[in-house]
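Biologist: Before I take any of these labels to the bench, I would like to hear how each one was reached. Could you show me the model and let me question you on the terms?

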Amino acid sequence: MAMTMHVDVVSAEEEIFSGPAKMLFAPGVMGDLGILPRHAPLLTRIKPGEVRIVTPDDEEQFYYVSGGMLEIQPEAVTVLADTALRAKDIDEAAALEAKERAEKALADRSGEIDYATTEAELAEAVAQLQAIQRLKKKLGR
Amino acid sequence: MAVGKEIRTKVKSVQNTQKITRAMEMVAASKMRKAQERMAASRPYAQKIRNVIKHLAHAHPEYKHTYLQDREVKRVGYIVVSSDRGLCGGLNANLFRAAIGSLKQWDAKGVGIDICAVGGKASAFFKRVGGNVVAETSHLGDAPGISDLIGTVKVMLDAFDKGEIDRLYVVYNEFVSTMVQDPQIEQLLPIQADTEDDYSHQWDYLYEPEAKEVLTDLLTRFVESLVYQALVENIASEQSARMVAMKAASDNAGNLIDELNLAYNKARQAAITQEISEIVSGAAAV
């Protein structure tokens, strides 16, 4: 049997995933991470994007996270998501709207805008859309 | 028959009040269930993050974060979590009493106090009694998100970073059961990592990017999650306190209605008796 590790994906508001996994992909700030069991202990921040989990029966599960922390122990991985909703629950329209709003804010440079937050908002909206499209493709097959 | 008109009007008005309190009781009961679910849902995160911090305390970080270091107390910060609305019994009053008791002790030692008010009742309270309120947030609704809290918590964390406050506490109502809510005062900063069981081998995490940044992020989230938990717990407490208070109000209204009905019937009977005796004596006179 293939080696597995225990994976927990939690956000402050709810528990999202808990169970064994063969592999996990996460968008770390220093680059995307692919984690296999027996990884060295690591603590990192993750960017907005999707966390992909390969379960023992080779199924893939996607979760959108808008940033957070990732803790890795040899036998366990914990994703502390800032807001991790199931991708199917994300309102596509809301994501588009957020993107438009953010783009508008960037175009209109006269106002007092915190560009760092706006950019983060954009990155988040884009990542949300990507997660939805990926999920749609998967369901369409 | 004009007898007891005032009583009947009064009964009607009490009945209307009872309808309202009954409805509020039922609404509070259903909201309480949901609030309890949210409370349970937020626990895994705090649990996991606490584990990570425990690991951190056992590992030997090359960098010791200020959030983990105890220092001399010159000024303290309090985050007071209250409800937005009243009609929930003595919930907020008990909470403020506990808070004031604790504030007084610091004051006696000559320690300054900064307050962060969460919830409409807390801000109204500190507006009334005074106190250095440095941050405020209210009208968070029944299902607040952690995003509603980030700003206010940050104010206090920044104050801690700058050395403006040396300790940070959170005051909220702990949900013990439907009948019992307990005001709690918990220390948030410096974080009290429990170091009971000692691991013999020494190891440390790899940090990406830098230990300092990662730790700051992690500890900030930890504090935010604790405040969030305090908030959801307080909401569950609020709803259960309201449910109990409204149940008592409905019962009292029922008793009042019974008493008024009794008085009304007595008055009616007396009037009828009087009328009969008048007729009888009238007939006798003829």
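Modeller: This is a predicted model, and we can begin with Val227(B), which lies in helix H5 of chain B, residues 211–285.

Biologist: Why is Val227(B) called buried?

Modeller: Buried means under 20% relative accessible area; Val227(B) has a relative accessible area of 1%, so the value falls under that cut-off and Val227(B) is buried.

Biologist: Which residues does Val227(B) touch, leaving aside those up to four places away in sequence?

Modeller: With those neighbours not counted, Val227(B) touches Ile79(B), Leu149(B), Val153(B) and Leu188(B). Gly4(B), by comparison, is 223 residues from Val227(B) in sequence and 56 Å from Val227(B) in space, C-alpha to C-alpha.

Biologist: Turning to the interface, what makes Asp82(A) and Arg221(B) a salt bridge?

Modeller: The rule asks for a side-chain nitrogen of Lys or Arg within 4 Å of a carboxyl oxygen of Asp or Glu; the closest N and O atoms of Asp82(A) and Arg221(B) are 2.7 Å apart, and therefore the pair meets the rule. Across the interface of chain A and chain B the rule finds four salt bridges, and six residue pairs are found in polar contact there.

Biologist: Which elements of chain A give two or more residues to the side that touches chain B?

Modeller: They are strand E1 (5–11), strand E5 (42–54), strand E6 (60–72) and strand E7 (76–81) of chain A. By residue class, that side of chain A divides into 13 nonpolar, five polar and seven charged residues.

Biologist: How do you know that E5(A) pairs with strand E6 of chain B?

Modeller: Two strands pair if at least two bridges are found between them; three bridges join E5(A) to strand E6 of chain B, residues 206–208, so the requirement is met and the strands pair. The two strands run parallel, and in E6(B) the bridge partner of Leu42(A) is Leu206(B).

Biologist: How many residues does each chain bring to the contact, and what area is buried?

Modeller: The contact takes 25 residues from chain A and 24 residues from chain B, while the area buried between the two chains is about 2,200 Å², of which carbon and sulfur atoms give 65%. In chain A, Ala12(A), Glu13(A) and Leu43(A) lose the most area to chain B, together 28% of what that side buries.

Biologist: And what is the order of elements in chain A?

Modeller: Chain A has two helices and seven strands, running β-β-β-β-β-β-β-α-α from the N terminus on.

Notes
Residues numbered from 1 in each chain as written. Chains lettered and ligands numbered in written order. Predicted model: local features only at pLDDT ≥ 70, side-chain atom pairs only at ≥ 80, totals over all residues. Heavy atoms only, no water. Contact = heavy atoms within 4.5 Å. Buried area = accessible area lost by both parts, 1.4 Å probe. Polar contact = N/O pair within 3.5 Å; in protein donor to acceptor, adjacent residues only side chain to side chain. Helix = DSSP H or I, 4+ residues; strand = E, 2+ residues; numbered from the N terminus. Nonpolar A, V, L, I, M, F, W, Y, C, P; charged D, E, K, R; others polar. Buried < 20%, exposed > 50% of the residue type's maximum accessible area, 1.4 Å probe, protein only.
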